[in-house]
Amino acid sequence: MNGSKRINSLRVSPIRKLMPYAKKCEENGIKVIKMNIGQPDIKTPKVFFDAMCDFDFEVLEYMDSRGIEELINAFIDYYKNFDIEFEYDDIIITQGASEAITFIFMAVCDLEDEILVPEPFYANYGNFADIVAVNLVPIATKAEENFSLPSIDVMQEKINQKTKAIMISNPCNPTGRVYTESELKTVVEIAEKNDLFIISDEVYKEFVYDDHRFISMASFKNIEQRIIILDSISKRFSCCGARVGTVATKNKMLIDNMMKLAQARLSVATLEQFGAAALQRVDPNYIKNTLDIYKNRRDIILEGLSKIDDVIYNTPEGAFYTIVKLPVDDAEKFVIWTLENIQIEGATLLITPANGFYSNDTDGIDEVRISYCIDDTDIKLGMEILKRALEEYPGRKA
């Protein structure tokens, strides 16, 4: 008996693919500095747990498929901080942003329809698209150009009768790019000209550094019927395990159709929704302090990279990732070799080969994504390990 061709064709997550090598190191008493995954180490606000502990229903019931009223209203208030006005019927609570992406793809596209997306892009976009038989069409961006969006003419060449939407991640996972107002206006122009939806992944909007400014796609009110926003509490409140996200749009047709999917999966976990609703009461200084911590960690990363020869990198403007081009023959081989051969102070390093963030198997072969949501001391040591590994790696390019 054989499994389905569909499941066999899905790619293994590049973020978790090499975890067995890390586990083997740990079993041998070696500390693994994990800069491969976007798992924040900031403490989750206590009000989240308190709200779940205070849950006093006698039966743990299914909740409304749209989400509990308290949480939807909390998100409505939250968006007002960004001058975004959503109403109750504009929002659906989802099982993390992952479910929101799947809902959006299914609501926007028929089988084999296409969505444009700047590349490199969050690796799971590809798997979610494959699951629902949607094709992602990459818009190439380059480290040498700070991953800026190309001209409108370049993007226009990618569009055909099957194109239904353009999707962006802003701030971007995996590049750390924060798109300018000019770039977003280009996306808007493309969408209007070609009758496309705009899918905007804004999970990292709190984390923008220096003088850069986050602009939500929802702020373009003249095209609000085209805009779909996906979001999550995972990163800003260090709540990855809660699996609570949202999809929001002013387009009634889309939201009604996505409600069919929400009803089919019954409801999001009850306790976690009550915990998430309580996060609206968190002191704003929690986010401010978290932002300061990540900015400092970004600066440590940049200082470390500046001491390594022949790497190409940019200054991340937001989120907590960066794509780095290494002088190696194959980044995945390099990462495995580092885990197996390089230790400093009893520790080694796990980072993510970036090939999985591209649609073509030959792209990004010499790049890695580095996450900096771990302790400062570990980041510094991780950069030392990376430097030594690149000095000793047999497959280093001249």
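Let's start at α4, a helix of twelve residues that reaches 17 Å from its first C-alpha to its last. That is close to the 16 Å expected at 1.5 Å a residue. Keep in mind as we go that this is a predicted model.

Which residues of α4 are buried? They are Leu 71, Ile 72, Ala 74, Phe 75, Ile 76, Tyr 78 and Tyr 79. Look at what covers them and you'll find β2, β7, β8 and α10 included. So that gives us two places to go next: the helix α10 and the sheet.

Take α10 (270-278). This helix is mostly covered, with seven of its nine residues buried. Thr 270 and Gln 273 are on that list, and the rest are Phe 274, Gly 275, Ala 276, Ala 277 and Ala 278. Those buried residues pack against α3 (46-53), α4 (69-80) and β2.

Now for the sheet. It's an open one of seven strands with mixed pairing, and reading across you get β2-β8-β7-β6-β5-β3-β4. The edges are β2 (91-94) and β4 (135-140), each of which pairs on one side only. On average, neighbouring strands here are turned by 25° against each other, direction ignored. Over on top of this sheet sits another helix to look at: α9 packs on the sheet and touches β2, β6 (197-201), β7 (227-232) and β8. The direction of α9 makes about 30° with that of β2.

Back to the β2 edge. Strands of a sheet pair through backbone hydrogen bonds, either parallel or antiparallel. Which of the two is it for β2 and β8? These two run antiparallel, joined by four bridges, with β8 covering residues 245-248. If you want one bridge to click on, Ile 92 has Val 247 as its partner in β8.

Ile 92 also leads us to the last stop, since it is one of the residues that Arg 265 touches. Arg 265 is found in the loop between α9 (252-264) and α10. Is this arginine buried or exposed? Arg 265 has a relative accessible area of 16%, and because buried means under 20%, it counts as buried. Leaving out residues up to four places away in sequence, its contacts are Ser 65, Ile 92, Ile 93, Thr 94, Gln 95, Glu 99 and Phe 103. Two of these also show up as partners of its side chain: the backbone oxygen of Ser 65 is reached at 3.1 Å, and the side chain of Glu 99 makes a polar contact with it at 3.1 Å.

Technical notes. Residues numbered from 1 in each chain as written. Predicted model: local features only at pLDDT ≥ 70, side-chain atom pairs only at ≥ 80, totals over all residues. Heavy atoms only, no water. Buried < 20%, exposed > 50% of the residue type's maximum accessible area, 1.4 Å probe, protein only. Polar contact = N/O pair within 3.5 Å; in protein donor to acceptor, adjacent residues only side chain to side chain. Contact = heavy atoms within 4.5 Å. Pairing = 2+ DSSP bridges. Axes fitted to C-alpha atoms, helices over the stretch in contact; angles between N-to-C directions. Expected span 1.5 Å × (residues − 1).
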